[in-house]
Amino acid sequence: MNVEDSSELERLVAKAEGRFIPTPQRRVGSDKMPNVIYSMEKYLENSGVKILVETSVDDIDVDGGSYIVKTTSGTLS
């Protein structure tokens, strides 16, 4: 993004009463991506997230303060 694009975006965000914070973006090379994804997966699993691959969510129901998730692999709660 060049300075002109950044200024225009900042103007549009301010018009919507927001705040634009320009931040340089870095590209993750395809050679590094498998390690990045593996690290994210391990972080999520260590945080209690269950990762289901090749699974679609069919429905989500709220039961009090918890959720019941119906997937193609079964029901999770």
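**View 1. The salt bridge between K70 and D61.** K70 is partly exposed, at 35% relative accessibility. The structure shown is a predicted model. The side chain of K70 meets that of D61 in a salt bridge, with 3.3 Å from N to O. D61 is partly exposed too, its relative accessible area being 28%. A search of the whole structure finds three salt bridges; the K70 and D61 pair is a salt bridge, and two further pairs appear in the next views.

**View 2. The salt bridge between E8 and R11 in helix α1.** Helix α1 covers residues 3–15 and holds both E8 and R11. These residues are three apart in the sequence, which is about one turn of the helix. E8 and R11 form a salt bridge whose closest N and O atoms are 2.8 Å apart. E8 has a relative accessible area of 36% and is partly exposed. R11, with 45% relative accessibility, also counts as partly exposed.

**View 3. The salt bridge between E45 and K42 in helix α2.** Both E45 and K42 belong to helix α2, where three residues, about one turn of the helix, separate their positions. A salt bridge links E45 with K42, and 2.9 Å lies between the closest N and O atoms. E45 is partly exposed, with 32% relative accessible area. For K42 the relative accessible area is 29%, so this residue is partly exposed as well.

**View 4. A nonpolar patch on the surface.** V28, M33, V36, I37 and M40 make a nonpolar surface patch of about 400 Å². One of these residues, I37, is in helix α2, which runs over residues 33–46. The relative accessible area of I37 is 48%, so I37 counts as partly exposed.

**View 5. The surroundings of T71 in strand β2.** T71 is in strand β2, made of residues 66–71. At 11% relative accessibility, T71 counts as buried, because the cut-off for buried is under 20%. The side chain of T71 has polar contacts with the backbone of two residues that follow in the sequence. A polar atom of this side chain lies 3.0 Å from the backbone nitrogen of S73. The T71 side chain also reaches the backbone oxygen of G74, at 2.8 Å. Leaving aside residues up to four places away in sequence, T71 touches T55, S56, V57, D58 and L76.

Notes
Residues are numbered from 1 along each chain as its sequence is written. This is a predicted model: local features need pLDDT of at least 70, side-chain atom pairs count only at pLDDT 80 or more; totals for chains, interfaces and linings use all residues. Side-chain values use heavy atoms; hydrogens and water are left out. Patches are made of residues with over 30% relative accessible area and no salt bridge: like charges are joined within 9 Å, nonpolar side chains (Val, Leu, Ile, Met, Phe, Trp, Tyr) within 5 Å. Accessible areas come from the Shrake-Rupley method with a 1.4 Å probe; for residues, only the protein chains shown count as cover. A salt bridge is a side-chain nitrogen of Lys or Arg within 4 Å of a carboxyl oxygen of Asp or Glu. Helices (H or I, at least four residues) and strands (E, at least two) are DSSP runs, numbered from the N terminus. Buried means under 20% relative accessible area, exposed over 50%, partly exposed in between (1.4 Å probe, protein chains only). A polar contact is a pair of N or O atoms within 3.5 Å; within protein, one must be able to donate a hydrogen and the other to accept it, and residues adjacent in sequence count only if both atoms are side-chain atoms. Contact means heavy atoms within 4.5 Å.
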